[in-house]
Amino acid sequence: MTLPLIQFVDIKKSFGSNHVLKGVNLSIYQGDILAVIGKSGTGKSVLLKHIIGLVSQDSGELLIRGIPLHSMPRKEKLLFKNELSYMFQENALFDFLTVFDNIALPLAENCLYPKSIIEERVNTRMQQLGLGPIGGKFPFQLSGGMRKRVALARALVTDPKVVLFDEPTTGLDPIRKKKVHTMIEEYQRQFGFTAVIVSHDIPEIFDLAQHVAMLDEGKIVFQGTKEDILHTHTNIVNAFIRGEE
Amino acid sequence: MAKPYINRPMDTKQIENIGGATLDAVTSIGRMTLFFISGVACIFVRPFQLDKIFDHTWFIGAKSLFVIVLTGLFTGMVLGLQGYYTLVTFGSEAALGAAVSLSIIRELGPVLSAIMITARAGSAMAAEIGVMRISEQIDALETMQIHPIRFLFSPRIVAALISFPLLTAIFDVVGIFGGYLTGSLMMGINQSVYMDKVVESVRTIDIFGGFLKSFVFAIVVTTICCYRGYYTHLSTTQGYGAKGVSMATTNSVVQSCVYILIVDYIITYFLV
């Protein structure tokens with residue numbers, strides 16, 4: 001059996017008296033597209049933030065290729081974090097930087113490449129995502145859909161091995177939603193990264209994801225293929241997919 | 001018959017509140033100290049962020065120039081006027097140059113410059129960083145392996161260390177000129193007497209003291225304003241979102257002004 005790339009083992013997380021994750025067990029495999037679904041406020045974003053290190057668990061283990069993240073040597077931990085990329089729900093673009101500088105930021109600030117190579121890589125990503133002539137504009141001058149694409153370009157510019165998408169289509173119309181999904185699917189095929197997508201777009205997300213996990217009341221109540229979820233007999237899952245209480 | 005224990009639950013709650021507030025205050029001081037140390041340490045991490053330092057120096061320094069000149073001029077003019085009417089009753093109006101220059105160089109220059117920069121640039125720092133916090137831009141920096149304190153605070157503190165003394169020096173010069181305008185040109189004190197008294201009375205230690213204050217104020221103001229913005233989300237009493245940012249901005253300005261006056265007293269105590 002293949003070793004999961006990332007594995008949650010009985011992860012618990014509370015914010016004060018609010019118990020968000022109550023023992024999450026979840027496996028994410030290399031090269032997979034995993035969709036995490038669930039009602040609003042069930043801790044899907046918190047789950048994603050555990051992987052990138054923005055939030056730490058109160059108890060339980062987060063295993064990376066079978067090794068607990070907390071016991072990893074600092075250098076290895078840093079190498080793993082360099083493999084990750086995160087696309088925020090509200091994009092989190094920097095208002096004071098141009099589109100070009102926003103996309104170049106992770107490369108420029110970490111001094112990963114000379115200026116000419118950074119320019120080349122940013123221009124390539126911008127072309128691939130259809131952002132050609134807007135490099136000099138600021139995020140507030142763009143439409144919602146364009147900003148999403150800029151955020152996606154920034155997430156992909158470092159050639160990450162794992163990309164975490166926190167509701168990437170929030171606030172978009174159905175046409176743009178489909179475009180973002182197609183974009184993720186195309187780039188995942190092209191670059192081969194592992195994708196974890198928190199989404200409310202049901203059933204559209206099933207066309208994109210290879211596996212689906214459902215979070216409810218702080219626990220994973222279902223994990224399987226998209227075919228499995230459509231034929232499951234679990235009441236909570238069926239009700240959620242149908243949009244019933 | 002008295003009921004001595006009837007208020008006990010209330011008393012316990014009050015003690016809990018005091019204890020909680022004390023713990024919060026100690027935690028906040030500790031966090032702010034770590035924030036400052038981390039920011040200063042990051043100044044020396046290569047590559048040096050010269051472009052950002054330049055941008056912030058422009059914002060804190062050059063863009064505050066007008067307000068500093070205006071404040072300095074009117075402070076000097078008021079001092080000249082008040083000083084003249086006070087000194088003339090003792091027949092010592094010739095000492096106006098000394099009174100104006102020493103008041104400005106030792107106290108008013110550094111303190112008023114720092115307060116004006118806090119109002120103009122400090123509030124902007126707190127608001128900008130606060131908005132970055134609530135819109136997840138600071139989280140985004142962390143996900144990109146960019147040290148947020150190095151990115152946001154370190155260049156600002158260097159820029160403030162450059163700008164504060166320069167603006168204070170400009171305030172001093174303009175202020176002394178303001179005193180000259182009212183004292184000599186309006187009230188008729190001999191111009192060369194005014195200037196001679198300025199040159200005669202001001203010692204190197206006075207100028208050094210003024211600059212020392214402006215350096216310390218630069219550190220105090222930048223640390224408080226950036227810290228308040230950076231940790232906007234941790235203040236549960238202020239609320240989150242726009243309300244939290246506005247409260248963080250207000251608090252940063254008030255706290256900076258109070259600390260400027262406290263630190264001013266402490267430095268003056270050791271200098272005199």
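**Exercise 1.** Identify the side chains that meet in a salt bridge with Lys49(A) as one partner, and place the pair within the contact between the chains.

*Solution.* Step 1. In this predicted model, the side chains of Lys49(A) and Glu136(B) form a salt bridge at 3.0 Å, N to O; the term denotes a side-chain nitrogen of Lys or Arg within 4 Å of a carboxyl oxygen of Asp or Glu.

Step 2. Chain B and chain A have a count of two salt bridges.

Step 3. Contact (heavy atoms within 4.5 Å) links 18 residues of chain B with 20 residues of chain A.

Step 4. The buried area, meaning accessible area (1.4 Å probe) lost on putting the two parts together and summed over both, is about 1,600 Å², with 62% from carbon and sulfur atoms. On the chain B side, Thr143(B), Met144(B) and Gln145(B) lose the most, together 36% of what that side buries.

**Exercise 2.** Determine the strand order of the open sheet in chain A and state which strands stand at its edges.

*Solution.* Step 1. The order is E2-E1-E4-E5, with antiparallel pairing; strands are DSSP runs of at least two residues, numbered from the N terminus, and two of them pair if DSSP finds at least two bridges between them.

Step 2. E2 (18-28) and E5 (67-68) of chain A each have a single partner strand, so one side of each lacks a neighbour in the sheet.

Step 3. Five bridges join E1 (residues 6-15) to E4 (residues 59-64) in chain A, and Ile6(A) stands opposite Ile64(A) in E4(A).

**Conventions.** Residues are numbered from 1 along each chain as its sequence is written, and chains are lettered from A in the order in which they are written. Side-chain values use heavy atoms, without hydrogens and water; local features need pLDDT of at least 70, side-chain atom pairs count only at pLDDT 80 or more, and totals for chains, interfaces and linings use all residues.

Note on methods
Helix = DSSP H or I, 4+ residues; strand = E, 2+ residues; numbered from the N terminus.
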